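Please find below a colleague's note on this two-chain entry, arranged as numbered points. The points take the chains in turn and then turn to single residues.

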Amino acid sequence: MAEPEPSSESPAAGSQGTTAVRMVVVMGSVGLFAAIALVATYMLTLPRIQANRAAFLAKSITEVLPGAGRYQAFVADGQGGIAPAPEGSDGGRIFAGYDAADSLVGLAVEAQGQGYADILRLLYGFDVECRCVVGLKVLESKETPGLGNKIESDPGFTANFERLQVRADPDVLALELVKNGQKTEPYQVEGITGATVSSRAVTDILTRSTTALLPLLEANLDQLRHPPEG
Amino acid sequence: MTSATASTPGTPDTFLRGLWRDNPVLVQVLGMCPTLAVTNTVINSVVMGLATTFVLVASAVLVSATRKLIPKQVRIASYILIIATFVTMADYVIQAISLEVHKALGAFISLIVVNCIILGRAEAFSSKNTIGRSVTDALGMGFGFTGALLALGVIRELLGSGSLAGVDVMGPSFEPWVVMVLPAGAFFVLGAILMAFNWLRARPS
């Protein structure tokens with residue numbers, strides 16, 4: 001590729017100051033253009049993006065809580081209780097799903113943690129009475145295609161979460177990861193061969209989340225059953 | 001600043017050069033990061049190709065229109081700022097169209113900023129040519145890039161998942177070649193395509 005010719009407009013000696021001013025003016029103008037274009041695009045696309053996010057979350061909740069016609073979001077209030085989630089909050093929410101007769105169908109809980117690649121965000125269904133995980137949906141994952149991303153698609157692995165009982169004994173971990181084909185106890189998760197790190201990540205995220213939430217949910221079950229009108 | 005920025009769209013050759021003779025992927029071997037990383041499905045390939053084409057064309061217009069205003073010393077900084085702006089706009093638009101596609105492409109949308117095809121065309125072509133010719137050149141390069149990505153995407157999705165654009169075409173008895181959707185498969189397919197392309201070009205016509 002030929003060297004570009006020196007510009008015919010190159011400043012004569014002595015106009016160094018003018019050039020500096022011009023550089024600042026040009027960079028400033030480009031920056032101003034960028035700012036205006038970005039703000040405009042952001043404002044134009046924001047409603048659609050939020051609608052997409054909400055639709056994806058709603059779809060995931062229905063998958064985890066079949067039969068829930070409507071749901072309400074709660075968060076831990078930090079004092080052992082729960083409160084309705086403030087508008088626009090993201091992460092750590094507990095969704096209580098209700099059927100047409102307004103009775104509690106189940107809970108869907110957001111949880112996240114480090115996966116093999118980047119943060120894994122999960123949504124799991126939880127049955128407080130049996131202390132069971134009753135469904136799992138991966139909301140966000142960058143796990144290796146073909147290996148780690150089997151946590152979403154491997155039928156043997158997803159079957160773990162159809163009814164997975166957590167141990168409430170504080171001396172042992174709530175869940176335990178075992179090798180494929182070695183599950184004997186209701187609290188054991190069968191890992192995926194070739195995707196041990198991702199399997200462990202899912203198990204660890206669920207262990208942490210259920211351990212933290214179980215006492216909270218048991219203490220506040222009445223409030224979840226009879227939510228404030230909304 | 002009165003000289004012609006009038007639209008002379010350039011010759012068909014301006015367009016065909018990017019599409020075929022100087023194809024950014026198959027001849028210049030530029031933009032390898034998205035080429036290898038996101039061509040595991042047809043949809044991902046097309047979206048990545050079109051997003052890159054949009055950024056190429058939009059930045060070609062702006063770089064060409066301002067080519068006599070931007071001082072030489074700050075031209076690269078200005079081009080990168082212009083390119084980054086359009087990439088971020090493309091990022092928002094893709095999120096608004098489909099969150100799932102945006103998730104599948106991950107960080108590679110934002111990384112269009114550092115795709116050397118775009119800065120390369122801004123520096124080598126748009127900064128020296130009229131808007132019309134720059135747009136023609138950008139379209140040629142963009143479609144050439146999209147076409148090359150699509151070629152990889154079709155082969156990799158067909159063999160790696162047994163489907164095309166998410167539609168199952170190989171039937172239930174097909175055992176997917178997992179390696180095809182993994183990074184190694186991208187290298188295999190790109191190598192095979194480059195070999196075929198060079199053989200085609202080297203053939204005495």
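1. A residue is called buried here when its relative accessible area is under 20%, exposed when that value is over 50%, and partly exposed in between. On that footing, buried residues make up 40% of the 230 residues in chain A. The coordinates come from a predicted model, and the remarks that follow should be read with that in mind.

2. Chain A contains 5 helices and 9 strands, and in sequence order these elements follow the pattern α-β-β-β-β-β-β-α-α-β-β-β-α-α. Its radius of gyration is 26 Å, whereas a compact globule of 230 residues would have a value near 17 Å. The C-alpha trace of chain A spans about 85 × 45 × 30 Å along its principal axes. Among the contacts in chain A with a separation of 6 or more, 53% are between residues 24 or more positions apart.

3. As to the surface and charges of chain A, the accessible surface comes to about 12700 Å², and carbon and sulfur atoms account for 56% of that area. The chain carries 18 positive and 27 negative side chains, yet the centres of these two sets lie 2 Å apart.

4. Chain B has 8 helices and 2 strands, and from the N terminus on its elements run α-α-α-α-α-α-α-β-β-α. The radius of gyration of chain B is 18 Å, close to the 17 Å that the globule rule gives for 205 residues, so this chain is as compact as a globular protein of that length. Its C-alpha trace spans about 65 × 50 × 25 Å along the principal axes.

5. In chain B, 48% of the 205 residues count as buried, and residues 24 or more positions apart account for 76% of the contacts with a separation of 6 or more. The accessible surface of chain B comes to about 9100 Å², with 72% of it belonging to carbon and sulfur atoms. For the charges of this chain, 13 positive and 9 negative, the mean positions are 17 Å apart.

6. How many disulfides does a search of the whole structure find? Over all chains there is 1 disulfide, and it joins A:Cys130 to A:Cys132 with an S to S distance of 1.9 Å. The link of A:Cys130 and A:Cys132 is left-handed, with -135° about the S-S bond. A:Cys130 has a relative accessible area of 17% and is therefore buried, and A:Cys132, at 2% relative accessibility, counts as buried too.

7. B:Cys33, by contrast, is in no disulfide, and the nearest cysteine sulfur, that of B:Cys116, is 9.5 Å away. Why does B:Cys116 form no bond with B:Cys33? The sulfur of B:Cys116 is 9.5 Å from the closest cysteine sulfur, in B:Cys33, which is too far for a bond, given that a disulfide is a pair of cysteine sulfur atoms within 2.5 Å. B:Cys116 is partly exposed, with a relative accessible area of 41%.

8. Two residues of chain A have a positive phi although neither is a glycine, namely A:Asp118 at about 65° and A:Arg131 at about 50°. A:Asp118 lies in the loop between strand 4 (104-114) and strand 5 (119-127), and its relative accessible area of 40% makes it partly exposed. A:Arg131 lies in the loop between strand 5 and strand 6 (132-140), and at 32% relative accessibility this residue is likewise partly exposed.

9. Helix 1 of chain A, which covers residues 16-64, holds A:Gly31, and A:Leu32 lies in helix 1 as well. A:Gly31 is partly exposed, with a relative accessible area of 25%, whereas A:Leu32, at 55%, counts as exposed. The C-alpha atoms of A:Gly31 and A:Leu44, 13 residues apart along the chain, are separated by 20 Å, and those of A:Leu32 and A:Leu122, 90 residues apart along the chain, by 40 Å.

10. Is B:Ser126 buried or exposed? B:Ser126 sits in the loop between helix 6 (116-124) and helix 7 (131-161) of chain B, and its relative accessible area is 2%, so it is buried. Leaving aside neighbours within four places in sequence, B:Ser126 is in contact with B:Ala60, B:Val63, B:Ser64, B:Arg67, B:Arg121 and B:Ser134.

Note on methods. Residues numbered from 1 in each chain as written. Chains lettered and ligands numbered in written order. Predicted model: local features only at pLDDT ≥ 70, side-chain atom pairs only at ≥ 80, totals over all residues. Heavy atoms only, no water. Helix = DSSP H or I, 4+ residues; strand = E, 2+ residues; numbered from the N terminus. Rg over C-alpha atoms; globule rule 2.2 N^0.38 Å. Buried < 20%, exposed > 50% of the residue type's maximum accessible area, 1.4 Å probe, protein only. Contact = heavy atoms within 4.5 Å. Areas by Shrake-Rupley, 256 points an atom, 1.4 Å probe, with all protein chains shown as cover. Lys, Arg positive; Asp, Glu negative; His and termini not counted. Charge placed at Lys NZ, Arg CZ, Asp CG, Glu CD.
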